[in-house]
Amino acid sequence: MSHKLFRHSMLSNARVWAFLKRVDAAEAEASRAAGCPRCGGDLHSASYLRKPYGLSADLRDDARRFSLCCSVCRRRVKPPSVRFFGRRFYVGGLFLLVSALALAGGVRLQTIARRCGVPASTLKRWRRWWRETFPLTREWRAKRGALAPPPGVAPLRWLLRSIRGLGFRSRLLRSLVWLMPWTGFCALGAGSAAPAESVSVMNG
């Protein structure tokens, strides 16, 4: 699905997508070299194709999610990613940008939904995840000191506003890198999974 918000944006630029893919590939290699976090076994490639919302049609054929599988316990390991935010259907950059809009005070979700093409029900889940679940994750407890948002300011909006970079594109890409600890997880190969917005992404 092409997305009207990104149809002419820098995140649909082939060079930007290739850069993000190289970052993901480096993270996948680091995870493979570290071995299975559960049993220490060797990790083999188990990547798969995704069809993420928010990416131009000509780039969707190059949207493989790097994934690994343990040769011993068969546990799947998904390395952190700057292209995909956990199991969410939308690409990571769009998820951050639209979430930031949904977290802004005085903006109706229906207005954002109409302008951005993301259902209001989805925006409500995203906003609830950032407000209620994100602050309780162990990753946030470990990294919040480096961000130190003022009281009452959503951490995501503060991150996009305060992170260093030459222009908005640079700040957005750096924000995607900063948030990588929330984008991967380890899970058994079978069994049901909770909705992405209801849990810490790292915990599956």
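The questions and replies below concern the cores and helix packing of a predicted model.

Me: Why is Ala113 called buried rather than exposed?
Reply: Ala113 has a relative accessible area of 15%, and buried means under 20%, so Ala113 is called buried. This residue lies in helix α3.

Me: What makes Val118, Pro119, Ala120 and Leu123 contacts of Ala113?
Reply: Contact means heavy atoms within 4.5 Å, and Ala113 touches these four residues when those up to four places away in sequence are not counted. For Ala102, eleven residues from Ala113 along the chain, the value available is a separation of 9.1 Å between the C-alpha atoms.

Me: Which residues stand out in the largest nonpolar core, and which helix gives the most to this core?
Reply: Of its 43 residues, Leu96, Trp130 and Leu179 touch the most other members; the helices that each supply at least two residues include α1 (14-34) and α7 (168-178), while α2 gives the most, with eight. Leu179 touches Phe85, Leu96, Trp130, Phe134, Leu156 and Leu159, leaving aside residues up to four places away in sequence.

Me: How do you know which classes of residue make up the contact of α2 with α6?
Reply: Leu96, Ser99, Ala100, Leu101 and Leu103 in α2 meet Leu156, Arg157 and Leu160 in α6. Because Ala and Leu count as nonpolar and Arg as charged, with Ser among the others that count as polar, the contact has six nonpolar, one polar and one charged residues. The two helices, α2 and α6, pack at an angle of about 120°, with their axes 9 Å apart, and their crossing is left-handed.

Definitions and conventions: Residues are numbered from 1 along each chain as its sequence is written. This is a predicted model: local features need pLDDT of at least 70, side-chain atom pairs count only at pLDDT 80 or more; totals for chains, interfaces and linings use all residues. Side-chain values use heavy atoms; hydrogens and water are left out. A nonpolar core is a set of buried Ala, Val, Leu, Ile, Met, Phe, Trp, Tyr and Cys residues joined through side-chain atoms within 4.5 Å. Buried means under 20% relative accessible area, exposed over 50%, partly exposed in between (1.4 Å probe, protein chains only). Helices (H or I, at least four residues) and strands (E, at least two) are DSSP runs, numbered from the N terminus. Axes are lines fitted to C-alpha atoms, for helices over the stretch in contact, and angles run from 0 to 180 degrees between N-to-C directions. A crossing is left-handed if the near helix is turned anticlockwise from the far one by less than a right angle, and right-handed if clockwise.
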